[in-house]
Amino acid sequence: SDTVWVNPTPRVEGTIGDTVLCDSTTTNISLQSPSIFTSGNISFKYTVTATGGVTGFNPSVSGLPDGHIIADNLINPSNSVQTVTYRISPLSPIGCNDGPDALVTIYVQPTPRLSVSIADTIVCDSATIDITVNDLNGNVSGGTTKVYQLTTTNVGGVIGVQTDGEYPSGTDITDQLINPTNSVQEVIYHFKARIRDDRPGHEGFFCDQGGDTTITVYVQPAPRLSVSIADTIVCDSTTIDITVNDLNGNVSGGTTKVYQLT
């Protein structure tokens, strides 16, 4: 009797699934197949389409072996999430029809960006500063959240400085800064824009390729002085000597300690 060997439809499987990547990171798409043929080995081809001008991929590739990993460094030049879709086709080694395509969509986050409304500045003791934190990104992938990380440097112990921590993007800062010393003190605000991953199994992963934004606030001391004599009574034509003592240390560059006599 004759034996008829029926080859399978080529199929692709393995570590393929839609995924979210940070800007300028690399894909890890594994091309695998369970299909075994009477001769030869399966191969793969794929085509790619992208939105938003994403770069870092070849639009069409063929002749890939079983086990090949697509490792493309995807760069998102925009301020919103973009998609890169791979259409993968398994190919029969004996000339039968291609197997069903597999679609893999990569969501490429933007680089997190922000700006703040003030530059380095000088304020008087107990003055209030308002820092508007501008979110420069548009949409991000579902299940992720735009935030920024605030850290401050406050060596002089200025009171009223915003607590370090993670804040939703666009959260503004209003601080009344009280300088408890007799010299100018610096408060440095460091802002780091991030995209936080809230999806189950990914919680806490961040995209944070953007640079830091830093401003320094110079908080002057409360002006203080003393004089060498108290209220006193003198005779006509008597000379008095009043020593005026400056009780402050350094003040910010470009400012001068004076007193007003009335």
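## A chain of strands, residue by residue

The chain exposes about 14,500 Å². Carbon and sulfur atoms supply 50% of that area.

Visitor: What kind of model is this, and how many helices and strands does the chain have?

Guide: This is a predicted model. The program counted both helices and strands along the chain. The result is 0 helices and 21 strands.

Visitor: Why is the chain described as more spread out than a compact globule?

Guide: For 262 residues, the globule rule gives 18 Å. The chain is well over that value, so it is more spread out than a compact globule. Its C-alpha atoms fill a box of roughly 140 × 30 × 20 Å along the principal axes. The radius of gyration of the chain is 33 Å.

Visitor: What percentage of the residues count as buried?

Guide: To count as buried, a residue needs a relative accessible area under 20%. The chain has 262 residues. The buried share is 34%.

Visitor: What share of the contacts with a separation of 6 or more comes from residues 24 or more positions apart?

Guide: Take the contacts in the chain with a separation of 6 or more. Then pick out those between residues 24 or more positions apart. Their share is 65%.

Visitor: How far apart are the mean positions of the positive and negative charges?

Guide: The chain has 11 positive charges and 26 negative ones. Each group has a mean position. The two means are separated by 8 Å.

Visitor: Is Gln82 buried or exposed?

Guide: Gln82 lies in strand 8, residues 82-91. Its relative accessible area is 13%. Buried means under 20%. So Gln82 is buried.

Visitor: Which residue has a backbone nitrogen that the side chain of Gln82 reaches?

Guide: Beyond its neighbours within four places in sequence, Gln82 is in contact with several residues, including Thr51, Val54 and Tyr107. The side chain of Gln82 also reaches a backbone nitrogen at 3.3 Å. That nitrogen belongs to Gly52.

Visitor: Is Ser60 buried or exposed?

Guide: Ser60 is found in strand 5, residues 60-65. Its relative accessibility is 55%. The cut-off for exposed is over 50%. Therefore Ser60 counts as exposed.

Visitor: How far apart in space are Ser60 and Val48, C-alpha to C-alpha?

Guide: Ser60 touches Tyr46 and Thr47, leaving out residues up to four places away in sequence. Ser60 and Val48 are 12 residues apart in sequence. In space, their C-alpha atoms are separated by 6.4 Å.

Visitor: Where is Leu136 found, and what is its relative accessible area?

Guide: Leu136 is in the loop between strand 13 (133-135) and strand 14 (144-153). Leu136 is partly exposed. Its relative accessible area is 39%.

Visitor: What distance separates the C-alpha atoms of Leu136 and Ser115?

Guide: Leu136 touches Asn79, Arg113, Leu114 and Ser115, not counting residues up to four places away in sequence. Leu136 and Ser115 are 21 residues apart along the chain. Their C-alpha atoms are separated by 7.1 Å.

Visitor: Which residue's side chain joins that of Thr144 in a polar contact?

Guide: Thr144 is found in strand 14. Thr144 is buried, with a relative accessible area of 12%. The polar contact between the two side chains is 3.0 Å. The partner is Gln109.

Visitor: Which residue has a backbone oxygen that the side chain of Thr144 reaches?

Guide: Leaving aside neighbours within four places in sequence, Thr144 is in contact with Gln109, Ile195, Arg196, Asp197 and Asp198. The side chain of Thr144 also reaches a backbone oxygen at 2.5 Å. That oxygen belongs to Ser141.

Key:
Residues numbered from 1 in each chain as written. Predicted model: local features only at pLDDT ≥ 70, side-chain atom pairs only at ≥ 80, totals over all residues. Heavy atoms only, no water. Helix = DSSP H or I, 4+ residues; strand = E, 2+ residues; numbered from the N terminus. Rg over C-alpha atoms; globule rule 2.2 N^0.38 Å. Buried < 20%, exposed > 50% of the residue type's maximum accessible area, 1.4 Å probe, protein only. Contact = heavy atoms within 4.5 Å. Areas by Shrake-Rupley, 256 points an atom, 1.4 Å probe, with all protein chains shown as cover. Lys, Arg positive; Asp, Glu negative; His and termini not counted. Charge placed at Lys NZ, Arg CZ, Asp CG, Glu CD. Polar contact = N/O pair within 3.5 Å; in protein donor to acceptor, adjacent residues only side chain to side chain.
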